[in-house]
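Hi,

Here is the structure I promised to pass on. Please have a look at it first, and then read my notes underneath.

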Amino acid sequence: TSGRDPYGSGNTPQFGLDTFYVQWNQTGDLAFKATFGRQPITLGTQFLIGDGVYDGFHRDYPEAVYHNPRRSFDAARLEFEAATLHFDSFIYAVHPTWDGGGKRNGYVAGTEVSRAFTNVKSNYAAGVFYRNSPSDLDNNMWLLTLRGEQHCPDFEDFYVSGEWVGEFGRGNNAYYVSRLNQSL
């Protein structure tokens, strides 16, 4: 990127990789997909990860505590099916622009379990994640997420969906809490 856009790079060209990963797809009785490197991660409507809404602590980088507007992450990911459930587990490095200490030493890790009901055109999921940063300037927290999408049978193209994320932990970043060690 390069240009005069106030949200861009200015006059200095910037280069970066959006995606660069290795993926292994195992078929058979123990089928799974393992991915390592800079990869896209999308869960549901991207409310938990990657919605791009500004509520971060740096005015030039819109993000929330647990997610950011990026679509690709430096991550290790494992996806597999068990019975009628889909498991999506990953760990990714926290980008310095959304780490209160400004370093690349934090991570987000966890698992989402989802199930699609094709006969009624619905999908439901629940996940547990942990957001960690070794910095005393940042928040460590557990995240619980629930989401669902349900088709309304009386209308062909009408769906109702919702997503909820709960943050549980203690805050150390003054942009998110009014006093140190405040409950999130």
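Below are some notes on the core and on two residues in strands.

A word on conventions: this is a predicted model, where local features need pLDDT of at least 70, side-chain atom pairs count only at pLDDT 80 or more, and totals for chains, interfaces and linings use all residues. Residues are numbered from 1 along each chain as its sequence is written, and side-chain values use heavy atoms, with hydrogens and water left out.

The largest nonpolar core (buried Ala, Val, Leu, Ile, Met, Phe, Trp, Tyr and Cys joined through side-chain atoms within 4.5 Å) has 14 residues, and I41, I49, F90 and Y92 touch the most other members. Two or more of its residues come from each of β3 (72–82), β4 (85–93) and β7 (140–151); strands here are DSSP E runs of at least two residues, numbered from the N terminus.

E79 sits in strand β3. With a relative accessible area of 13%, E79 is buried (under 20%, using a 1.4 Å probe and protein chains only). Its side chain makes a polar contact of 3.4 Å with that of H86 (N or O atoms within 3.5 Å, one able to donate a hydrogen and the other to accept it; residues adjacent in sequence count only if both atoms are side-chain atoms).

H151 belongs to strand β7 and is also buried, at 8% relative accessibility. The H151 side chain reaches the backbone oxygen of F155 at 3.1 Å. Leaving aside residues up to four places away in sequence, H151 touches V120, K121, E156, F158 and Y159, where contact means heavy atoms within 4.5 Å.

Best wishes

Conventions: Buried < 20%, exposed > 50% of the residue type's maximum accessible area, 1.4 Å probe, protein only. Helix = DSSP H or I, 4+ residues; strand = E, 2+ residues; numbered from the N terminus.
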